[in-house]
Amino acid sequence: MPPAAPTDPGKIMASPADQRRILAELLHIIRLPLRILLTGAALVGVLGAALALGLPGPEALFAAFAAPGAAGLPALIGVMIFLIGLGFAGFLWWLAARSFALVANPAIGPERLAGLRDLPLALPEGTVRALLALIVGVIGLPLLLFSKTLGLSDAIAGYVNGIVTGVFGFYFGTRSTGADAQIARRATEQLAERERTTGALAAEAEALRQKAEGAARDAALPARIAATKGSLARHIEVAGLVLDEFGPLLPKGLIPEGAATALSHARSAAAALDGLQSGPEAEGKLKTATDALAGLIGAQPLAPLLRGAASLLPAGTALGPIGAVATVIGLGWQLGAAEYQRWRARVLAAPFAPQLFDAGLITPSSAELRMEACPIFARAFRDVKTRPGFFADLLALISHDDAEAKLWVEYGADAARFPGGQAELEAGLQEFRAALLADLSARDATPEKIAAALAPLAPSPGALPSVAQVNNLVDAAGKAGADQPEARAAFEALVMLTGHLRDRKLDPVKLMAEVTP
C-alpha cells in the first residue's frame, strides 16, 4: 500500500529556499500589472489633488475643447503639450537608464565603454537627434493642422512651418546621406585601424630586425675577434722587427714618432683578446683592439721605409714608384731558397759567392756572351778567349772561393792584361760574376710569380709589369742609391725585412697594401 500523506501542517510546508523562489516568481508575474496599477493610482492622485485645489476637472477641459473659440482651448492645448513633453522626458529617461545599465555591465570591454563615453547621454548615435525630430513632429504638425482652430496668426504658423520643415529636411537629408557617411566613417576607421596594425607590425619587424642584427653580430663576433687578432699579430711582428732589428741602424727621422707607443698599445690590446670569444665585455675589448690596430697602422714604420725606397727606383711600371718597390720586394718573397739568395745578392750588389752560381745553368756560350758586357775581362782576355776550352776553364776557376788568387796565378804574370794589378783583376771578376748572376736570376722572374707577388695590390691585368720590366727594376735596385743614402738604407732594410718575413710566412706586399692608401 502507498504511504499515507502527512497530515501535520509543519511537515507539508516548503523550505525557506523554495519559499523565496516561489515569492520571486510571483513578483515577476505581477510586476507589470502592479506597475500599471501604480501608474494609474499616481494619475488619479494627481487629478484628485488638482480638484482639491479648485482646478477645473476633466469635464471642464472637455467642455472647453468642445466649444470652438472658447478661451479655455489654448490652456487645454498647453496642458496637452506639457504632458507630451513629460512623456518624451520619461521616454528619454528610460532610454538613458537602459544605456547606463549597459555601461554598468562588467562584461562590456574597455574599448566599447570608451566609445559610449563619447556619445550624447551614452545613447546610440543619432538617438537624441531622432527624439528631437520626433518632438518637433508630434507637436509642430498638430499646431499647423489646427492653426485656424487655435487662432494662430499667419506669422506664427509660418514660423512653426519653417521649424518643422527645417528639422525634417535636415534629419531626413542626413539620413539619406547617412549610408555614404557611415561607409566613409567605417572606411576611415578601418584605415586608421590598418595604420595602427601596420605601425604595430612595423615596430615588431624593427624589433625582429634589431634582434636578428644582434644575433648576427654575436654569431660573427668570434670571427671578427680572430680577424682582428690576425691583423694585430702581423703588424706587431713587422713593427717589432723594424724597431728592434733595424731601428738603431736607420737614419734618424726615418722611423715615425709614436711608433713605439702605438706598438705597445697594440701588444696590450692583442693580449686582452687572448681566449676571448664572446660575452658582455667582448665588444668593448674588440673596439679597443680595433682602435689600437688603426693607430699601429697609422704609425707603422713599414710605410716610411716604403716611401723612402720609392725614390730609389724608376717608375718603370704602371704601378708607380711604390708599386715598383712592391714589385721587387714581392718577387723576392715569392722565390725559392736558391732563387732568393741570387735575388738578394743582386739587389744588394753584395759580393757574389761561388755557391750562387749553378754550374749546370751556366754554359761556356752564355759566359762568352756575358763577357761582352764586362769591359775589364773583355779587354784582358781578348787574345785568349778564342782558345778552345777557355770559357770552360774560366768558369771552373771562378767557381772556387779563392778564384782571385787562382786567376792571378794563371794570368797575373802578364802585366799587360791587368795594368792595375790584382785590384783590377778582382774588380773584373766581380763585374763578370754580376753579369753571370744577372743572366741566371733573369730566368727566375716569370709572369706567374710576378702576378702572385702583386696580387695583394689587386692590379688590373694591363698594369702587371712584364718580365723584362721587372728585371730592369731589379738591376736598378742593385746599382742605384750612391747619392741617396737614406733611400738606400730604407731599401736595404726592406730587403732584410723580407728575409725575416719569409721565415714567418708573412707577405710583405700585403702589409704594404694595408699601410698605404
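1. Two residues are in contact here when heavy atoms of theirs come within 4.5 Å. With that in hand, here are some notes on this predicted model, starting with helix α19. The buried residues of α19 are covered by elements that include α14, α15 (364-371), α16 (375-380), α17, α18 and α21. Those buried residues are E424, L425, G428, L429, F432, R433, A435, L436, L437, L440 and S441. An α-helix has 3.6 residues a turn, so residues three or four places apart point the same way. That may be handy to keep in mind as you read down the list.

2. The length of α19 checks out nicely. Its 20 residues, at 1.5 Å each, should span 28 Å, and the end C-alpha atoms are indeed 28 Å apart. The expected span is 1.5 Å times one less than the number of residues, in case you want to redo the arithmetic.

3. L429 is a good residue to look at within α19, which runs over residues 422-441. Its relative accessible area is 1%. Buried means under 20%, so L429 counts as buried. Leaving aside residues up to four places away in sequence, L429 touches F377, I398, A403, E404 and L407. There is also C374: 55 residues separate it from L429 in sequence, yet the two C-alpha atoms are 9.2 Å apart in space.

4. Some of those partners turn up again where α17 packs on α18. Two packed helices are described by the angle between their axes and the distance between the axes. For α17 (residues 390-398) and α18 (residues 403-411), the angle is about 140 degrees and the axes are 8 Å apart. Roughly antiparallel would need an angle over 145 degrees, so α17 and α18 are classed as oblique to each other. On the α17 side the contact uses F390, L394, L397 and I398, which meet A403, K406, L407 and Y411 of α18. Seven of the residues in this contact are nonpolar, none is polar and one is charged.

5. Now for helix α13, residues 320-334. At 1.5 Å a residue its 15 residues should span 21 Å, and the distance between its end C-alpha atoms, 21 Å, agrees. α13 is mostly covered, with eleven of the 15 residues buried. These are G320, G323, A324, V325, A326, T327, V328, I329, G330, L331 and G332. The elements they pack against are α12 (302-310), α14 (337-348), α20 (447-454), α21 (467-479), α22 (485-503) and α23 (508-515).

6. One of those neighbours, α12, makes a second helix pair worth viewing. The axes of α12 and α13 lie 8 Å apart, at an angle of about 105 degrees. Angles of 65 to 115 degrees count as roughly perpendicular, so that is the label α12 and α13 receive. L306, R307, A309 and A310 in α12 meet P321, I322 and V325 in α13. By class, this contact has six nonpolar residues, no polar ones and one charged.

7. R234 is a charged residue to inspect in helix α9, which covers residues 178-246. Is R234 buried or exposed? At a relative accessible area of 18%, R234 is buried. Beyond residues up to four places away in sequence, R234 touches L506, K510, L511 and E514.

8. Two backbone angles deserve a friendly second look. Most residues other than glycine have a negative phi. A458, although not a glycine, has a positive phi of about 50 degrees. A458 sits in the loop between α20 and α21, and at 62% relative accessibility it counts as exposed. K505 also has a positive phi without being glycine, with a value near 60 degrees. K505 belongs to the loop between α22 and α23 and is exposed, with a relative accessible area of 66%.

9. Finally, the wider view. The protein has 23 helices and zero strands. Of its 517 residues, 32% are buried. Among contacts with a separation of 6 or more, 73% are between residues 24 or more positions apart. The protein exposes about 30500 Å², and carbon and sulfur atoms supply 64% of that area.

Notes
Residues are numbered from 1 along each chain as its sequence is written. This is a predicted model: local features need pLDDT of at least 70, side-chain atom pairs count only at pLDDT 80 or more; totals for chains, interfaces and linings use all residues. Side-chain values use heavy atoms; hydrogens and water are left out. Axes are lines fitted to C-alpha atoms, for helices over the stretch in contact, and angles run from 0 to 180 degrees between N-to-C directions. Helices (H or I, at least four residues) and strands (E, at least two) are DSSP runs, numbered from the N terminus. Angles under 35 degrees count as roughly parallel, over 145 as roughly antiparallel, 65 to 115 as roughly perpendicular and the rest as oblique. Buried means under 20% relative accessible area, exposed over 50%, partly exposed in between (1.4 Å probe, protein chains only). Accessible areas come from the Shrake-Rupley method with a 1.4 Å probe; for residues, only the protein chains shown count as cover.
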